[in-house]
Amino acid sequence: MAHRVYCFNPGPAQLPLPVLEEVQAEMLDYKGTGMSVMELSHRGPDYLAIHEEAKTLFKELLGLGDNWNILFLPGGSSTQFFHLPYNVLNGNGKADYVHTGKWSDGAIKGAKLFGDIHIAHNAKNADGKFLYVPSQDQLDIRPDAKYLHITTNNTIAGTQWMNLPTTPNNVWLVADMCSDLLWRKFDAEPFGMFYASAQKNLGPSGVTVVAVRNEFLEICSDDVPDMVSYKVQVSKDSLLNTAPTFPIYVVGKVLKWLKDLGGLDAMEKRNRDKAQLLYDALDAKPDYWIAPVRKDSRSCMNVVWRIRNDETLEKKFIAEAKTAGLVGLKGHRSVGGLRASIYNAMEPAGVEKLVEFMSAFAKANP
Ligand SMILES: *Cc1c(COP(=O)(O)O)cnc(C)c1O
């Protein structure tokens, strides 16, 4: 058995062990081709079957209809920050954005180059922190905006939209779901598009899943470069250029793993149980573990906290956790403290072990 730790990294994040084992088993000879998936032509039948199956599984897990197109694009979610407005805004179109953290800031900056951008809500507090996601009545959405952009899970701040907002007629909802896509089912009906790079919850880095519906394509411009154009990428099935074939193959395996585990309802329960276990441990010692996020906005994917606002103690925690086989618990450099990323692939046993470690640490370092 290989030596494996519980990896709480925010991304690239832990992958399911059965997926890694399958990839390993198929590494040198993929299904009798005598080649690795990395060596298959992206236009040949063996690879195309992988491509097709990944799209089908993705749509099946989310219950998306025939009007949805699934793209596998390079460039990460960061590239979607400008792809989206470039396609839709044509220089003067309106789009509204909810500002809930560092990643939404990137999306807003990317959009400002292409249209008239309005902040529907700014969740930054006087200390520069993002501790909640807004409620519906806090959103100021322009009725003539083409879309409202939200970040469903704020990986750094540790906040998550538990209830998705509604938008006025003709204003599409669009979302950066980079760090929580497929953590549960959601109603895709209000959405025009959503996107997520794979390395948080879907697979390895190198590919971004972009879901765009036909009705949204109709408001996309014809006047953008091919690689950036949702219309062209849909018409070419993401194979305009050499697609990131190996990451797509691994994403397909993760989707299959999700389906075999019982699909997204089972995954949601597992994710909520893991998060509950960790938040309960934090709440049991509120003077010691400081969990800053407003309770109704707490993320089930990225749990952030501090230890008595004591950096020295936090460093000790991180080092001792690592020795105990619990790695990646350092908070993002912009907020400090601790963060446990407990995406789909994190086994409940990993969170149980973390909670036990925390209890022992708190006793030894009162
Ligand atoms: C990680 C992350 C991104 C950036 O993803 P890249 O693939 O590195 O471009 C964007 N948004 C959110 C919410 C993220 O967590």
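Let me begin with the term I will lean on throughout: a residue counts as buried when its relative accessible area is under 20%, and since Phe361 comes out at 2% relative accessibility, Phe361 is therefore buried. Please keep in mind that this is a predicted model.

Phe361 pairs with Phe317, and because the ring centres are 5.1 Å apart with the planes at 80°, the pair is edge-to-face. The pair links distant parts of the chain, with Phe317 in helix α9 (residues 311–323) and Phe361 in helix α10, 44 residues apart. Phe317 is buried as well, because its relative accessibility is 0%. Both rings belong to one aromatic cluster, together with Tyr288, Trp289, Trp305 and Phe357, and the structure holds 16 aromatic pairs.

Turning to helix α8, residues 263–284, its 22 residues should span 32 Å at 1.5 Å a residue, and the end C-alpha atoms are indeed 32 Å apart, so the two values agree. Its buried residues, among them Leu264, Met267, Leu278 and Leu282, pack against several elements, including α10 (348–364) and β12 (302–307).

Finally, what lies closest to the charge on Asp180, which is buried yet has no salt bridge? The nearest side chain of opposite charge is that of Arg184, 6.4 Å away, and since a salt bridge requires the nitrogen to be within 4 Å of a carboxyl oxygen, that separation does not qualify. Asp180, which sits in the loop between β8 (172–176) and β9 (191–197), does make a side-chain polar contact with the side chain of Thr152, at 2.6 Å. Beyond its neighbours in sequence up to four places away, Asp180 touches Thr152, Asn153, Gln160, Asn201 and Met301.

Methods. Residues are numbered from 1 along each chain as its sequence is written. This is a predicted model: local features need pLDDT of at least 70, side-chain atom pairs count only at pLDDT 80 or more; totals for chains, interfaces and linings use all residues. Side-chain values use heavy atoms; hydrogens and water are left out. Helices (H or I, at least four residues) and strands (E, at least two) are DSSP runs, numbered from the N terminus. Buried means under 20% relative accessible area, exposed over 50%, partly exposed in between (1.4 Å probe, protein chains only). Lys and Arg count as positive and Asp and Glu as negative; His and the chain ends are not counted. A polar contact is a pair of N or O atoms within 3.5 Å; within protein, one must be able to donate a hydrogen and the other to accept it, and residues adjacent in sequence count only if both atoms are side-chain atoms. Contact means heavy atoms within 4.5 Å. The expected span of a helix is 1.5 Å times one less than its number of residues. Rings of Phe, Tyr and Trp (its six-membered ring) pair if their centres lie within 6.5 Å; planes under 30 degrees apart count as stacked, over 60 as edge-to-face and the rest as tilted.
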